[in-house]
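Trainee: I'd like a close look at a single part of this one, please. Pick a strand, walk me through it slowly, and then show me what else is around.

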Amino acid sequence: MKVNLQQENFIFDPSGVAYWESKGILLIADVHLGKIAHFRKHGSAVPQKAILKNFEQLKKVVDTYQPEKIYFLGDLFHSAYNSEFAYFKTWVQEQQADLVLIVGNHDIISPTHFKNLGIALKEEICLERFLLTHHPEEREGFFNICGHIHPGFRLRGMGRQHEKLSCFFKTKHQLILPAFGTFTGKYLLQQSKNNQIYVCTETEVILIPQKS
Amino acid sequence: MYKPIKDSFPKIGKMDFATGAAEDGRVINTNQNMNKKQLLDIAKTWFAQQDWKAFKFQKDTWQEYLKGKNGLLNAPTGSGKTYALWVPIVLEILQQKSRKKKSAKGLKGVWITPLRALSVEIEQAANRFAQDIDPQIRVGIRTGDTPQKERAAQKRKMPDLLITTPESLQLLLSSKNYDEQFKNLNAVVVDEWHELLGSKRGVQMELALSRLKAVSNNLKIWGISATIGNLEQAREVLLGPQTPQFENSVLIKANLKKKIKVQSVIPKKMEKFPWRGHLGLHLLDEVVPIIKNSRSTLLFTNTRSQCELWFQKLMEKHPEFAGEVAMHHGSIHKETRLWVEQAIRNETLKAVVCTSSLDLGVDFAPVETIIQIGSPKGVARFLQRAGRSGHQPGKQSVIHFLPTHAMELIEASALQKAVKTQAVEDRVPYLQSFDVLLQYLTTLAVSNGFYPEEIYPEVSATFCYQALTQEQWEWCLKFITTGGETLHTYDEYQKVTVEEDGKFTVTNRGVAMRHRLQIGAIVSDAVLSVKYIKGGFIGSIEEFFVSKLKRGDVFMFAGRNLEFVRLKGMQVQVRKSKKKTGKVPSWAGGRMSFSAQMSELLREEMYIAAASADPDLAKELGITTKSLELTALQPIFQRQLLESIIPTKNEFLIETFKTREGYHAVFYPFEGRFVHEALGSLLAYRISLLSPISFSIAFNDYGFELLSDQEIDMQQVLDNNLFSNEFVMDDLYKSLNATEMARRKFRDIAVIAGLVFTGYPNKLVKSKHLQASSQLLFDVFRDYEPENLLFLQAFTETFEHQLEEGRLRLALERIQRQKIVWKKCEKPTPFSFPIITDRLREKLSSEKLEDRIKRMIKSF
């Protein structure tokens, strides 16, 4: 779905990434790689095959948009260094695009690991009128794109129907991206006049209209 | 700290059994081997000194125990069951001492109670006898409430007799050299076995006993159970089918005929009686005279939130009760609970509002009257609660039943019949609970380590795992060692390691610590402690409730209004609030279902109700008198008959109507909640095959509702014979995939098997990085490891423990024979009201998610 932010075109993808068309930048938040390996390391037998899901999803969005740059908006890696980093390394080596990580609260792995792979680490990025961060921020004169929250929305309808979905959460000066990682939870947000909610299904992004 | 009970039984004389000098001049020779008769004489003399007469079942139990038998004792609460077993256990210690100069070290007897609240009473009973017989015998308690210091002291020197819970017993098995502690164990008594039997804590017990049988040389296993439908099976589960212990066992029945009188509290004005609801507060004033006219009263509520509300309202409307009425439920601070229990005994309290936390219990609690608020959802439970009154043998027990909505009045008269015929339900034991097995194996690996070839025969001799195959066993071993995968270079899975000689052990201290903390989690949600900011522990509360609170919210807890300040670690910090009303914590206490027998009684009552509103039918059936309950219900019946019917034996009623919420279709099989869950899901699934549709499904003990945003084509449902008995299991299995029942079962399984780490009450554990919802895990297993035994267990458990296949088939057969009466109504009927207002619902959809979202958006 195409959405115009500050006269710039962005594509909201059902996988939860946003693609900035004119700049060729793919924005991805909260992948939480390494979570499954972390669980296994602590004795919780989550199926190992599930590790591959994130990489399949990453491959799919990169193939679709062929970006020049990929910006990770924090929490790329869930925990301390573990075996899943090896999978990540393999993935990085296949990439054509420039990779940048805006450091999030979960990113506790030594920066040298990322630097060795040629990934630039940033606290934040100011690009024209846009401020890219991990934590949501307000700054005069900037539109903030961020992650961290894992936004979700509970949609209700007739007949006591309801569905919990991950979503892009947009306010006047801010866009919060959904968590990209497959093994992550959601934090439910409320709809109001001052925000727009775009829910994600497997195949579509759907704008929730304001309640009349 | 704890004052011994003042009882009304005078002591006749004092005898010092340990030295053998009796006041009446008889001398018991303790220097020689004491024989059985001498031992029994000691017990009889002691009983006579208390001015008690031993019951036959008590004497029988003493006899059988001293013969070395195992067994199950069927005796109700308050019958003196505690002495039936403490006595021979103490006597055996006495006998062993008479044989050897030096007494053996370690535990001699272990008493398992499902509720730690009961441990004090049990300890008193034990001490009372043991202290008179041999003051050297030490009795101790070990539960989650036991301070760390005392636990450490116990580790160094175990008492002779230990009172503990199933979880604490598992914890003992997880400590190094546990086999030494249990080596000289003579007896394990599992009290209230019927409570444990139908739960996973029961499985924990089966496994613990299978180990104790191997490490204790002289073990006898006894269970005590209230009356349930499957007593014989209860004994088999306890002792293990075809084991030597089972072969060498007895079933002793107390057979104390207790007179129980059931009295409904009937509202004076039926017009004002609500059609729905579960609190029953509108009848509060009717309760007051009952309390005032009785020396002591217990008011049983079904949930802790109901308990809180009743207490609050009672104090508000009748301040004269201040100081005379108290509250008791499982989340209240231990000191307060103990104080209340003591006050019940002393009769210093006039009434106590309580939950099932006072369901069980030992002897001599002198309560005169019982009030049950709302449906007890089970005859056995109702009987047991009734039994809390008139505790002295021979006295009549009175129980008042207070209906919370109109339909429950029908239940009231059905209950009266059930009490007469003792139509008690079965407790269905679990089979193949892989989650509990994985937990147990890790427990053994944490303590001494284990060799599979030694443990496998023990495990497969239990009832739960009698059908465990070699492959499944191998799978379990693989699961705890490699996390279910074939070894992989990248994998860092850590839990149990295999040593060179084949011993399975846990070497990682973090793994061991987390496992020990997790053992207690088998019963509860993540529990947080509630404290004042300035300090002072009030009680504990489920995380689920706290997660919905915002700063400044006021909630009712332990009879107080508290303001939520902040959550700090595992602590909920609060301050007192002056606000009158607040939220009431909801606790996850399980929803229960009527048994087959009770459902049948309920249906019969319904047929009589139909006749009561129709003079012709009454004449036809030869019914001349109406019960008080049915007379009171007449206005409601008239309202029901305006647009619908009261179904008779040959009719199956379906009502459809439209409200602001959508299109309702309500079905009335009167088969109990669990069968309705299955029927509702089955029917929703079958209808959803006809065309894309989404349902919200609600159930209660009378019927179920399918609610949709589209009108259901009922004619098509009838034409297609969707109540057919064909392909039931297949359709049901598919409907399970579509609903969330199995998903919810998986929650417990994931916690017990150690897949998710929940932390532990009052302990701050840095586990944030290890938190994931079991829901996410369920999806991961479904997508990547659908053959995983834990994942499959969620489905089999739903089938076996919730859906009751057999009853479902019978219900469908019955519907096949009945005439379907479909009433298109303008408005909801009185019968439908309790169902359509139920908020706990299932959902099922055959629409594409995108289509559903678009339709939901349209209704905005």
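Mentor: Let's take strand β6 of chain B, residues 220-225, which is mostly covered: six of its six residues are buried. Keep in mind that this is a predicted model. Look at how the side chains alternate. Lys220(B), Trp222(B) and Ile224(B) point one way from β6(B), while Ile221(B), Gly223(B) and Ser225(B) point the other way, and both sets are buried. Lys220(B) is one of those buried residues, so don't skip past it, given that buried here stands for 20 or more other C-beta atoms within 10 Å.

Now for the neighbours of the strand. β1(B), residues 70-74, runs parallel to β6(B), and four bridges join them. To find your place in that pairing, start from Asn74(B), whose bridge partner in β6(B) is Ser225(B). β5(B), residues 187-190, also pairs with β6(B) in the parallel sense, again over four bridges. There, Val190(B) stands opposite Gly223(B). So you can pin Ser225(B) to β1(B) and Gly223(B) to β5(B), and Gly223(B) and Ser225(B) point the same way from the strand.

Next, where this sits in the chain. Chain B is divided into domain 1 (55-253), domain 2 (260-421), domain 3 (526-576) and domain 4, which is built from two pieces, 650-745 and 784-858. Between the centres of domain 3 and domain 4 of chain B there are 38 Å, taken over C-alpha atoms.

For a contrast with the strand, try helix α16 of chain B, residues 407-421. At 1.5 Å a residue its 15 residues should span 21 Å, and the end C-alpha atoms are 22 Å apart, so the two agree. The buried residues of α16(B) include Met407(B), Glu408(B), Leu409(B), Ile410(B) and Glu411(B), with Ala418(B) further along. Among the elements that cover them are β8 (260-264), α15 (379-386) and β13 (397-402) of chain B, along with α22 (596-612) and α24 (628-643). After the helix comes Gln422(B), with a positive phi near 55°.

Stay in the loop that links α16 to α17 (434-446) of chain B, and you come to Gln432(B). Gln432(B) isn't a glycine, yet its phi is positive, about 50°. Most residues other than glycine have a negative phi. Gln432(B) counts as buried because it has 20 C-beta neighbours inside 10 Å. Set Asn721(B) beside it: this residue is in the loop between α26 (714-719) and α27 (728-738) of chain B, and its phi is also positive, near 50°. Asn721(B), though, is exposed, because there are 11 other C-beta atoms within 10 Å.

One more spot in chain B is Met556(B), in strand β18, residues 554-557. With 20 C-beta neighbours inside 10 Å, Met556(B) counts as buried. Its C-alpha atom is separated by 7.1 Å from that of Glu308(B), although the two are 248 residues apart along the chain.

Then there's the contact with chain A, which takes 42 residues from chain B and 37 from chain A. On the chain B side, the elements that give two or more residues are β23 (694-699), β24 (704-708), α29 (774-784) and α33 (849-858). α33(B) gives the most, with seven residues. By class, that side of chain B has 19 nonpolar, twelve polar and eleven charged residues.

Finally, chain A itself, which has four helices and 16 strands. Its C-alpha atoms fill a box of roughly 50 × 45 × 30 Å along the principal axes. A compact globule of 212 residues would have a radius of gyration near 17 Å, and chain A has 17 Å, so that agrees. Buried residues make up 46% of chain A. Among its contacts between residues at least 6 apart in sequence, 64% join residues at least 24 apart. You'll find parallel pairing here too: β9(A), residues 130-132, pairs with β10(A), residues 143-146, over three bridges, with Leu131(A) opposite Asn144(A). β10(A) also pairs in the parallel sense with β13(A), residues 174-176, over three bridges, and there Cys146(A) has Ile176(A) as its bridge partner.

Conventions:
Residues numbered from 1 in each chain as written. Chains lettered and ligands numbered in written order. Predicted model: local features only at pLDDT ≥ 70, side-chain atom pairs only at ≥ 80, totals over all residues. Domains from an automatic or database assignment. Pairing = 2+ DSSP bridges. Rg over C-alpha atoms; globule rule 2.2 N^0.38 Å. Buried ≥ 20, exposed ≤ 12 C-beta atoms within 10 Å, placed from the backbone. Contact = placed C-beta atoms within 7 Å. Nonpolar A, V, L, I, M, F, W, Y, C, P; charged D, E, K, R; others polar. Expected span 1.5 Å × (residues − 1).
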